[in-house]
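This report covers enclosed space and charge pairing in one protein model. Please look at the sequence and structure first.

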Amino acid sequence: MLKKVFSVALAATVLWSCQNQEEEIEVANEMVYAKDVHSYAQPNTTAVEHLDLELDVDFVEKVLFGKATWTLSENHGETVVFDTYDINIIAVTAEGKALSFTLGDKDEILGQPLTINIPAKAKQITIQYNTNPGARALQWLDPEQTGGKKSPFLFTQSQAILARTWLPCQDSPGVRYTYNAEVSVPVGMLALMSASNPQEKSTDGKYHFDMEIPIPSYLMALSVGDISFKAVSDRTGVYAEQDMLEKSAWEFAEMEDMIVEAEALYGPYIWGRYDVLVLPPSFPFGGMENPRLTFATPTVVVGDRSQTSLIAHELAHSWSGNLVTNATWGDFWLNEGFTVYFEMRIMEAVYGRDYSEMTASISHQDMVKDLTAMMADEAPKTALKMKTDVENPDDGVSAVAYDKGYNFLRLCEETVGRERWDAWLKNYFTENKFTSMDTERFLEQLQGDLLTPDEASQIGLDIWIYGTGIPENSPVPQSPRFAVVDSLRGLIEKGATPDFSAVTDNWSTFEWVYFIRGIKNPTPELLLTLDNAYQFSASPNAEIMAAWMQPTIRNNYTANDFKNHVDIFLVNIGRRKFLTPTYQAMIESNQKDWALTIYAKARPNYHAVSRETMDALLEFVPEEG
């Protein structure tokens, strides 16, 4: 038995299974939760411990009808406060008796607080509600927007603070709870959650889910569609629409190898199964680390397994994020910086150092490009510790948390040596599991248990954590495989024939992206020569196409039906990583009218997360209704 007093955790005793053995985690009753400016909840007064959820999924009205029964902390106060956003509260009860409640004023970012008066002896309260058809976490896809073209599709995206748009909850990363769910969907469709999952469709459209390990609300996930399953190993598998199933299973065949290597580095994988759901292309991110069920974009299914670093990344979240979680969104880098670092280590273990250094080099490029641009007018946002106030925490999804965070942790490793670093990091995950971590407590542990004063000074902790821009001692990854790319690109730019198939036939997506990014003088003539040689404009690989659109759009390139290919790409793919730089290139090259023409068609296909970013970028005002 491991007994701990957690600074931000559940007041509960949780049983969970780890490699066929049950281990008891006892968590103390008296907790101190971090102040979270992005949540109305007051868990220091009354926290939640467990959720029993009933959902009826209505594809006709595009709403969820729900009943959420929350088990409250034992020594609760006179009220409990939940976060909501455009949720219709029908009734609130305890032991069958109606309770009084109030909905506060609406904030455009935070939504509304739901404050419920609770009897002194009440252990549970039940909230009946329904969502709004425009709920920002929910994307309802019509049949024609799916691969099969016959059935509709639903998926959620709860991170960072969108769980409150489909579930009244204490929507803070510092509040954890277990849950069970009963979900009813149309017959012939499969429902999946961030929990134990079925592998076949039920005959009556009813599904039961259990998550016995406590998780925060941003890891609540639901998807419903004409989905099939294929096992990859005894504890891994792939869910997808039928047209993507075999391709996805082949692409992600090395998931088990990744888990084995991850466990060897930083301890047991405690979540039981690790499955991946490949979503339709409107999914706004590369992946989402929902426990037991990673959501993934189909844009990583490219046929050469070169984008499986995304799977390594989401798997790594099973330790950094899902196991040890950022206390608030101001500490987001603790989730993502650690995860990028862990991702690189998994990739190195499975594919070798030469391969992982390509990924690290791309990460370094992204950091330099994005932080250099941000320093012009958003310098404060380049600090790892974010000053959030009440800004939208989605603003933190940038190269700062991911790439600057990774490079800081890589510098720590290089300073103390891998052996010492790995021992400390493994202990970090073990000792802090099921807790929420803030930046200051992390620094205390780092300096107290690992770094000598000289090492801390050599790294420059305050400069990295609270300073802006890229510190001078940032590591610069070196990839031997990219050196070959540099050499070949240089020959082409000097006029050599671009037919180097003996070399390029074995290139991964990373090498092609690096090749395109490094073109120094992208004249229309050079772009045409490269396009004719390598068919970039018609590439089915979204990573390559996204990189290619940067120099071509800025040069008003039109050959090889390029503009039509851009149109098709932007209408059909909703991954924000690709959309933002592409529309930005159009704006910067005085082609905003073209951008707006495409966006008017594409916008209905995008998730709310992507729509909000593109609306602001393009200064697009949607028509009401």
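## Cavities, a pocket and salt bridges

The lining of the second largest cavity divides into 6 nonpolar, 3 polar and 1 charged residues. Here Ala, Val, Leu, Ile, Met, Phe, Trp, Tyr, Cys and Pro count as nonpolar, Asp, Glu, Lys and Arg as charged, and the others, Gly among them, as polar. The model is predicted: local features need pLDDT of at least 70, side-chain atom pairs count only at pLDDT 80 or more, and totals for chains, interfaces and linings use all residues. Residues are numbered from 1 along each chain as its sequence is written, and side-chain values use heavy atoms, with hydrogens and water left out.

**Enclosed space.** Rolling a probe the size of a water molecule over the atoms shows where empty space is left. A cavity is a set of points, on a 1 Å grid over the protein atoms alone, where a 1.4 Å probe fits but cannot get out; a pocket is an open set with protein on both sides within 12 Å along at least five of seven lines; lining residues have an atom within 4 Å of a point. Points are joined across faces, edges and corners, and a volume is the space filled by probe spheres set on them.

The count is 3 cavities of 30 Å³ or more. The largest has a volume of about 90 Å³. Of its 13 lining residues, Glu-348, Arg-353, Tyr-406, Arg-410 and Arg-418 are the closest to the centre. Helices H4 (332-351), H5 (353-377) and H6 (399-416) each give two or more residues to this lining. Helices (H or I, at least four residues) and strands (E, at least two) are DSSP runs, numbered from the N terminus. By class, the lining of the largest cavity has 4 nonpolar, 1 polar and 8 charged residues.

The second largest cavity holds about 50 Å³. Among its 10 lining residues, Tyr-33, Ala-34, Ser-172, Gly-174 and Ala-327 are the closest to its centre.

The second largest pocket holds about 970 Å³. It is lined by 42 residues, and Thr-299, Pro-540, Asn-541, Ala-542 and Ile-573 are the closest to its centre. Helices H1 (242-251), H13 (509-517), H15 (542-554) and H16 (562-572) are the elements giving two or more residues. H16 supplies the largest share, 5 residues. The lining has 22 nonpolar, 14 polar and 6 charged residues.

**Charge pairs.** Side chains of opposite charge can pair when their charged atoms come close. The structure holds 34 salt bridges (a side-chain nitrogen of Lys or Arg within 4 Å of a carboxyl oxygen of Asp or Glu). Three are listed here.

| Salt bridge | Closest N to O distance |
|---|---|
| Asp-226 and Lys-201 | 2.5 Å |
| Glu-348 and Arg-418 | 2.9 Å |
| Glu-543 and Arg-575 | 3.5 Å |

Which parts of the chain does the pair of Glu-348 and Arg-418 link? Glu-348 is in helix H4 and Arg-418 in helix H7 (residues 418-431), 70 residues apart. Glu-348 is buried at 18% relative accessible area, and Arg-418 is partly exposed at 28%. Buried means under 20% relative accessible area, exposed over 50%, partly exposed in between (1.4 Å probe, protein chains only).

Glu-543 lies in helix H15 and Arg-575 in the loop between H16 and helix H17 (576-588), so this pair ties together parts 32 residues apart in sequence. Both Glu-543 and Arg-575 are buried.

One network, made by salt bridges that share partners, joins Glu-348, Arg-353, Glu-357, Arg-410, Glu-413, Glu-414 and Arg-418.
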